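Thanks for coming. I will go through a few local features, then the nonpolar cores.

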Amino acid sequence: MAKIFVDTAKIEEIEEAAAWGIVDGVTTNPTLMFRAGTANRKQRTLEIVEVVRGSVSAEVISTEAEGMIEEAKEILSWSEHVYVKIPTTDEGLKAMHVISQWPNGRINATLIFSANQAFLAAKAGADYASIFVGRLDDAGLDGMAVVRQTRRIFDTYGLGCQVLAASIRHPRHVLEALLAGADIITMPFPVLKKMVGSPFTDIGLQKFLADWHKIAAQ
Ligand code: E4P
């Protein structure tokens with residue numbers, strides 16, 4: 001079953017989505033922490049874990065492997081639900097290689113813009129390969145093609161890394177990611193809300209209620 005993650009650090013959004021019973025996890029990054037108005041990464045991550053009890057990703061700030069490894073040690077000690085997000089750079093690959101040897105080395109390889117990067121992240125031991133579909137589309141490229149290519153490569157070579165479609169902008173991205181075989185799709189809460197809503201559902205409901213009231217009044 002494909003998993004749904006919410007791409008936010010806002011507790012109220014996570015609580016509402018979790019109440020629908022469809023949330024498997026949450027992804028955060030420094031920008032999302034900024035938008036949620038918190039600089040306390042640990043506290044916010046643990047608050048999110050309390051709500052979802054699923055996979056929760058928190059990102060490192062360091063750009064050198066040594067610093068990433070130090071941060072990962074701390075981040076992964078917060079909770080068994082936490083995955084550490086490591087940027088997919090050469091330094092990031094070095095860090096992934098070390099962290100993946102740890103018994104608690106849960107890694108979300110982030111900032112992936114090509115199937116080659118996803119392949120390298122999987123080889124270095126990442127558990128998730130986060131492909132930034134929307135940012136590729138914004139640049140005039142085909143983000144979903146990278147998801148399809150990565151799926152095919154991971155399947156062909158039996159790589160256990162999960163394909164995570166990230167940087168999702170609208171419900172059509174979600175549909176296409178599902179059809180492309182993504183294991184996980186992380187989306188902003190407004191996209192999740194748009195997936196539920198349909199004017200036809202609203203019109204249908206109004207008609208049912210109007211007819212019910214007519215017959216009930218007889
Ligand atoms: C998720 O892990 C990513 O950080 C996120 O999807 C990035 O999305 P954006 O391109 O909307 O910032």
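Start with Thr-8, which is buried, at a relative accessible area of 4%. This is a predicted model, so all I say refers to computed coordinates. Thr-8 sits in the loop that runs between strand E1 (3-7) and helix H1 (11-19). What does the side chain of Thr-8 make a polar contact with? The partner is the side chain of Glu-13, at 2.8 Å. If we set aside neighbours within four places in sequence, the contacts of Thr-8 are Glu-13, Ile-14, Val-26, Thr-27, Thr-28, Leu-32 and Ile-48.

There is a second threonine to look at, Thr-150, in helix H8. Thr-150 has 1% relative accessibility, and because the cut-off for buried is under 20%, Thr-150 counts as buried. Its side chain reaches a backbone atom, the oxygen of Val-146, at 2.7 Å. With neighbours within four places in sequence left out, Thr-150 is in contact with Ala-115, Ala-118, Ile-131 and Val-163.

Next, helix H9, residues 171-179. Which of its residues are buried? They are His-173, Val-174 and Ala-177. Viewed down the axis of H9, the buried residues fall within an arc of 100 degrees, so they line one face of the helix. The general background is that an α-helix has 3.6 residues a turn, so residues three or four places apart point the same way. On the other side of H9, Arg-172 and Leu-179 are exposed. As for what the buried residues of H9 pack against, the list is helix H7 (133-138), helix H8 (143-157), strand E7 (162-166), strand E8 (184-187) and helix H10 (189-196). Just after H9 comes Gly-181, with a positive phi of about 85 degrees.

Now the cores. The largest nonpolar core has 55 residues, and those touching the most other members are Val-84, Ile-86, Ile-99 and Val-147. Helix H4 (residues 65-77) supplies the largest share of this core, six residues. In soluble globular proteins, nonpolar side chains tend to be buried together.

Take Ile-99 as an example. Leaving aside neighbours within four places in sequence, Ile-99 is in contact with Met-68, Ile-69, Ala-72, Leu-76, Val-84, Ile-86, Gly-105 and Ile-107. Apart from the largest core lies another, of seven residues, including Phe-5, Tyr-83, Tyr-128 and Ala-166.

That is the end of my list.

Note on methods: Residues are numbered from 1 along each chain as its sequence is written. This is a predicted model: local features need pLDDT of at least 70, side-chain atom pairs count only at pLDDT 80 or more; totals for chains, interfaces and linings use all residues. Side-chain values use heavy atoms; hydrogens and water are left out. Helices (H or I, at least four residues) and strands (E, at least two) are DSSP runs, numbered from the N terminus. Buried means under 20% relative accessible area, exposed over 50%, partly exposed in between (1.4 Å probe, protein chains only). A polar contact is a pair of N or O atoms within 3.5 Å; within protein, one must be able to donate a hydrogen and the other to accept it, and residues adjacent in sequence count only if both atoms are side-chain atoms. Contact means heavy atoms within 4.5 Å. The arc is that of the directions from the helix axis to the C-beta atoms. A nonpolar core is a set of buried Ala, Val, Leu, Ile, Met, Phe, Trp, Tyr and Cys residues joined through side-chain atoms within 4.5 Å.
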